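Please walk me through this structure, from its domains down to its strands and helices, and include the contact between the chains.

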Amino acid sequence: MAENPYAKLQALVVDDFESFRITLSKMLQNFGVGMVDSAASSNEAMRYCSAKVYDIILCDQNLGKGKTGQQILEVLRHQPNLNSDSLFVLVSAESNKNIIMAAYDYEPDAYLTKPITGQTLGQRLERLFKQRLALAPIYNAIKEKAFETAVSLCETEITSGSRYTSPCQKILGKLLLQLGELEKAEDLYRQILEVRQLDWAMLGMAQVKKLQGDSLSAQQWLEEIIQFNPLCLKAYDLLADIMAERGDSQGQQKVLQQATEISPLSILRQQQLGDVALKNNELMLSANSFRKAVKLGENSCHDDVVFHEKFSRSAIEFSKTDKNAATQALRDALKIAAEIPNRFGKTNKNKINSYLLESQLHAVSGEDRRSAEALLNAQKLMDADDVANDLDLKIEFVKALRETGNTDKANKIVSELLSEYADNEEDLQKIDCLLEEPCSTKNKAFVAQINKDGIAYYDAKDFSRAIDCFTSALQSLPQHIGMRLNLVQALLGQFKKEPGNRQLITNMQFLIDYIRKIIPDDHVQFRRFRQLEDVLRGIASEKPVN
Amino acid sequence: MSDNIKNNSNTISADHKMNEESQEVSFSFVLASSVHDMKNSLGMLINTLADVMSKYPPQNQEHAKSYSVLEYEAARINSELVQLLSLYRLDHDNVRVHIDEVIVVDILSEQIARNFQLLQSRNIELMLECDEDLIGYFDSDLVGGVVNNIIVNCARYSKQKLKISAQKTIEGLCISIEDDGPGYPDDMLNASTFAESRTNFAGGRPHLGLLFANKVSQMHKDKSHQGFIRLSNHSDLGGGSFKLFLP
């Protein structure tokens, strides 16, 4: 009698419905699987997975509260753990697997559609274990970082025309890209594409082109994939990377917006979109994206306190341009900021950070008393603890001081920081966001360049490009008065072209209001500021042109 | 259980605002959501039925017959729901055919396994003729749905035998499903010869299965060819023959 091949296997079944759990467990036992555990929730599943190694995990996609099946997979695959190599089978009632796959970067080993019968499951398991056995030498070579061996094993499998040709081609392509063997990778993908336009091969080709420095061809490939399969989110990701490399942050934002519309559940894309929108001064979009990223973070291994802080930052900036529209964002940001210590650990640093953000959020909402209170709480903790030496916290402290009107004290700390970190270029770059004129070598050059570009566009009457230039520079150097005045002037130029565009007037007013708050009377640009203020007042009082 | 449809509600509600026929849009959305829920319940029902049948094997002919009716009707509802959802998706969401390289025999065995119990209780002998290494390029979810639907249909009409086969032909990859039943009625045969095969609602039964199969076949195309279906009563087994050709 043949030995039961499954006798030694350990399996885990995850489903929130008891009857499904029982049915699936029974099926597995009928095949002779030695040990079957079952979990009713994502939390329970994570507990099992951190305690025990499973050969196979059968997991429902929708588990009610907590993580989805895909998010459990994400945790298991994201970093090494007991079950990073387990076979993972995702189960769902959804008959189109691409809809579920779209949001995530990790693919399960198999996908099963409910209703599942004993026969379907048995057959699929047999196929999975056979494939795992056949490809084991390749996976082992990769695990031992013997990439050359893995490459030649893949090649042998492919030339023999095995039934695993397709998975081997996918692995081989990735290996070649990783090894920088671009010509070989290109040959491989080209051969595949000569037979059929498969999106993964087109994606591989785009990667090859990007690595070869031919970003235009890469872009063409990617746009073709998107046209052909709008759910292929990896194509949007790569396209967004290309835009970012080119410094085209508008383009990057547009691509990420498309991707997040298709798949609103992807946290990494929401985080990126929040960043790029902040850079582009699209503050509402930025605040919304960070809010979503924070929300998704509850169940994701990609959550980071940085994005909780950035949500506050974007909400504060947003409220400075449009207080009414930002009300909800401010309210949510306050809640999120207050939860930081609970969420990320009750360290003094987190507590201080949380108070400083609260203080600024209250200040821009006009809640002066609460703002002062939060600031006081932060200060108490800072005085008592040596985390006060943390530069990030000090920068945040200065911002809070400024928001609450403690300008002199803020300026005193800034000058202390400048002498303390005078020799450290990286730290100086961080401090630059508090200064009118940057002090780090990098940002000095950056300002000089972007001002030059912006002014060149302005002189050529290409006002919209000039606006983009100044806007993006102000994101890293919000205190730069000269740059802000340049932006007002560029907007003025654009307004002369489109006299009906009231939005431009609103934008200019916000800028002028912002400058009024920070400009000292003896500033070299004070006269220029007053002149622009007058011009704007004149325009704003004119009747709108029909 | 309907998280995916909910996730897509952004796009749908955006349509809703812009679309003049918003009534219709929201209705079809509700329909799709409830189809999704029905499918879940049906999954439970099918599994419970299988449980009951193994615990209490049929005692006589009559029992066996009742069981097999239950099974057939459940399988039929399931395959119709899958079709409905797929059609909805193709019309409303960003879902396109997703072509990948697949091993044909895997896809066919999967659909056979899905209906194993049904065929067994109806005493239908199933033959699968397909080269182990035959490769196809198609959307395995959509084509799997078509094959499933035809198998369920054949389970109702076959007498004893059902043959599923696949091979490469000059017209493309051909998946055929043949039975030894009474064959397809004339109105269906005629409908399938029209390129734009509209279903025959006037004839009483809208052949949703054919509409779906036809739509799926046509969505598979390469530079110069398009998929199609061919229905006939020229079967090796003496009954109906359904052929799906994919480029």
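In this predicted model, the domain assignment splits chain B into domain 1 (3-92) and domain 2 (100-246). The contact between these two domains draws 14 residues from domain 1 of chain B and 14 residues from domain 2 of chain B. On the side of domain 1 of chain B that touches domain 2 of chain B, α4(B) contributes the largest share, 13 residues. By type, the residues of that side of domain 1 of chain B are seven nonpolar, four polar and three charged.

Chain B as a whole contains nine helices and seven strands. It has 247 residues, of which 39% count as buried. Among the contacts in chain B with a separation of 6 or more, 70% involve residues 24 or more positions apart.

Strand β1 of chain B covers residues 100-103, and its side chains alternate. In a regular strand, side chains alternate between the two faces of the sheet. Here B:Glu101 and B:Ile103 point to one face and are buried, whereas B:Asp100 and B:Val102 point to the other face and are not buried. The strand β1(B) runs antiparallel to strand β3 (residues 135-138) of chain B, and four bridges join the two. Within this pairing, B:Asp100 has B:Phe138 in β3(B) as its bridge partner.

The next topic is the contact between the chains. Chain B puts 38 residues into it and chain A puts in 29 residues. On the side of chain B that touches chain A, at least two residues each come from α1 (3-7), α3 (22-55), α4 (61-92), β1, α5 (104-114), α6 (116-121) and α7 (140-157) of chain B. The most come from α3(B), which gives nine residues to that side. The residues of the side of chain B that touches chain A comprise 13 nonpolar, 14 polar and 11 charged.

Chain A is assigned four domains: domain 1 (10-113), domain 2 (234-301), domain 3 (304-420) and domain 4 (441-541). Taken over C-alpha atoms, the centres of domain 1 of chain A and domain 3 of chain A are 41 Å apart.

Chain A also has an open sheet of five strands with parallel pairing, in the order β2-β1-β3-β4-β5. Its edge strands are β2 (35-39) and β5 (110-113) of chain A, each of which pairs on one side only. From one strand to the next, the twist averages 20°. Within the sheet, strand β3 (residues 56-60) and strand β4 (residues 87-92) of chain A run parallel and are joined by five bridges. A:Asp60 stands opposite A:Val91 in β4(A).

Two helices of chain A can be placed relative to these strands. Helix α1 (residues 18-30) of chain A lies across β1 (10-14), β2 and β3 of chain A, at about 170° to β2(A). Helix α3 (residues 69-78) of chain A lies across β3 and β4 of chain A, at about 165° to β4(A).

Further along chain A is helix α23 (residues 463-476), with 14 residues. From its first C-alpha to its last, α23(A) reaches 21 Å, close to the 20 Å expected at 1.5 Å a residue. The buried residues of α23(A) include A:Phe463, A:Ala466, A:Ile467, A:Phe470 and A:Ala473. An α-helix has 3.6 residues a turn, so residues three or four places apart point the same way. The partners against which the buried residues of α23(A) pack are α12 (249-262), α22 (441-459) and α24 (481-497) of chain A.

Notes
Residues are numbered from 1 along each chain as its sequence is written. Chains are lettered from A and ligands numbered from 1 in the order in which they are written. This is a predicted model: local features need pLDDT of at least 70, side-chain atom pairs count only at pLDDT 80 or more; totals for chains, interfaces and linings use all residues. Domain bounds come from an automatic or database domain assignment. A residue is buried if 20 or more other C-beta atoms lie within 10 Å of its own, exposed if 12 or fewer, and partly exposed in between; C-beta atoms are placed from the backbone. Two strands pair if DSSP finds at least two bridges between them. Two residues are in contact if their C-beta atoms, placed from the backbone, lie within 7 Å. Axes are lines fitted to C-alpha atoms, for helices over the stretch in contact, and angles run from 0 to 180 degrees between N-to-C directions. The expected span of a helix is 1.5 Å times one less than its number of residues. Ala, Val, Leu, Ile, Met, Phe, Trp, Tyr, Cys and Pro count as nonpolar, Asp, Glu, Lys and Arg as charged, and the others, Gly among them, as polar.
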